[in-house]
Amino acid sequence: MTDTDSPLLVRLEDGVLTLTLNRPDKLNSFNEPMHLALRAAMERAHAEKEIRAVLITGSGRAFCAGQDLGDRDPRKMDGPPDLGRTLDTFYNPTLRLIRSLEKPVIAAVNGVAAGAGANVALACDIVLAARSAKFIQAFSKIGLTPDAGGSWSLTRLLGEARAKGLALTAEPLTAERAESWGLIWKAVDDDALMTEAVALAQKFASGPTRGLGLTKTSIQAASENDFDTQIDFERDTQRTAGRTRDYAEGVAAFLDKRAPEFKGE
Ligand code: LHQ
């Protein structure tokens with residue numbers, strides 16, 4: 001198998017780990033090798049200091065069509081499948097790695113994102129989508145229920161009415177509507193998507209990584225905490241941020257009227 005045949009293309013450049021889901025003939029749907037490769041790449045993003053931002057995208061015309069349904073065909077099994085086990089074994093560890101990584105994770109949704117594919121994108125911190133891309137909560141069409149964090153992300157980001165509408169009807173949502181509803185950060189012209197996504201990832205990767213990571217953690221914590229708990233949380237994260245070298249550099253650069261040189265420390 002050559003590198004380009006691998007189900008996940010992995011490239012580290014200028015502090016940005018770019019992960020390209022790479023099963024274009026199957027619209028980058030998840031099989032076990034792709035699951036394992038994505039999880040290993042996210043573990044690497046946790047472990048390596050040089051990685052300061054992650055960018056996830058898809059090759060070909062799709063971002064990801066969710067689980068490879070050929071891999072989970074009940075007709076080829078002895079009894080009913082245990083899809084809960086599939087989630088425990090494959091999706092959930094990776095989703096937890098994305099959410100807990102104290103570095104920004106960008107999804108560049110280059111085409112259709114369906115089922116768990118849509119929800120893996122929504123678990124990322126910043127979602128940019130090509131104007132032609134669509135988000136489809138495809139689960140109800142095959143008798144399933146949203147997974148890969150979708151019931152949580154949709155409800156938190158959109159509220160119950162829109163979350164239920166999308167999940168129960170499986171109607172495709174355009175990137176522009178996803179932006180106007182606040183489901184994603186931005187819809188971008190198709191031919192500008194990767195330029196914009198890479199520029200943003202590089203900006204993060206040359207930014208104050210600890211501060212950006214703590215910002216992500218703080219905003220995630222806010223949806224669980226009451227106000228009182230959250231302002232204590234802010235006190236603690238700010239205390240940590242204030243002790244970083246990048247904070248000292250940021251203030252010095254401001255006072256010296258020059259561009260800061262953040263090191264991610
Ligand atoms: C696919 C897939 C696919 C295999 C396109 N699998 N081949 C599920 C079960 C287990 C555990 C836990 O979690 C989950 C979570 C889930 O993700 S459930 C939801 C699974 N995904 C779907 O139901 C979406 C299925 N795909 C579609 O509805 C369509 O393909 C979309 C709307 C994404 C795109 O439609 P088109 O642009 O018309 O493309 P297409 O349907 O012609 O697909 C192109 C090829 O990709 C085709 O293969 P072929 O050999 O005929 O060219 C499809 O069979 C294949 N493909 N999705 N999930």
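**Exercise 1.** Leaving aside neighbours within four places in sequence, which residues is F135 in contact with?

*Solution.* This is a predicted model, so let's work through it with that in mind.
- Step 1: Select F135 and set aside its neighbours within four places in sequence; the contacts then include V109, A113, A118, V127 and A129.
- Step 2: Carry on along the chain, and F135 also touches E171, P172, L173, A175, A178 and I184.
- Step 3: Place F135 in its wider setting. The largest nonpolar core has 61 residues, and F135 is among those with the most contacts inside it, along with L19, V54, I56 and V109. Helix 7 (residues 193–205) contributes the most to this core, namely six residues.

**Exercise 2.** Work out why C64 is not bonded to C124.

*Solution.*
- Step 1: Recall that a disulfide is a covalent bond between the sulfur atoms of two cysteines.
- Step 2: Apply the cut-off, which is 2.5 Å between the sulfur atoms.
- Step 3: Check the distance. The closest cysteine sulfur to that of C64 belongs to C124 and is 11 Å away, so the two are too far apart for a bond.
- Step 4: Look at the surroundings: C64 is buried, at 1% relative accessible area, and C124 is buried too, at 8%.
- Step 5: Conclude that the structure has zero disulfides.

**Exercise 3.** Describe the lining of the largest pocket.

*Solution.*
- Step 1: Start with the volume, about 660 Å³.
- Step 2: Find the 22 lining residues; R99, C124, D125, I126 and I219 lie nearest the centre.
- Step 3: Assign elements. Strand 7 (126–130), helix 4 (150–158) and helix 8 (209–222) each give two or more residues, and helix 8 gives the most, with five.
- Step 4: Sort by class: 13 nonpolar, five polar and four charged residues.

Definitions and conventions:
Residues are numbered from 1 along each chain as its sequence is written. This is a predicted model: local features need pLDDT of at least 70, side-chain atom pairs count only at pLDDT 80 or more; totals for chains, interfaces and linings use all residues. Side-chain values use heavy atoms; hydrogens and water are left out. Buried means under 20% relative accessible area, exposed over 50%, partly exposed in between (1.4 Å probe, protein chains only). A nonpolar core is a set of buried Ala, Val, Leu, Ile, Met, Phe, Trp, Tyr and Cys residues joined through side-chain atoms within 4.5 Å. Helices (H or I, at least four residues) and strands (E, at least two) are DSSP runs, numbered from the N terminus. Contact means heavy atoms within 4.5 Å. On a 1 Å grid over the protein atoms alone, a cavity is a set of points where a 1.4 Å probe fits but cannot get out, and a pocket is an open set with protein on both sides within 12 Å along at least five of seven lines; lining residues have an atom within 4 Å of a point. Grid points are joined across faces, edges and corners, and a volume is the space filled by probe spheres set on the points. Ala, Val, Leu, Ile, Met, Phe, Trp, Tyr, Cys and Pro count as nonpolar, Asp, Glu, Lys and Arg as charged, and the others, Gly among them, as polar.
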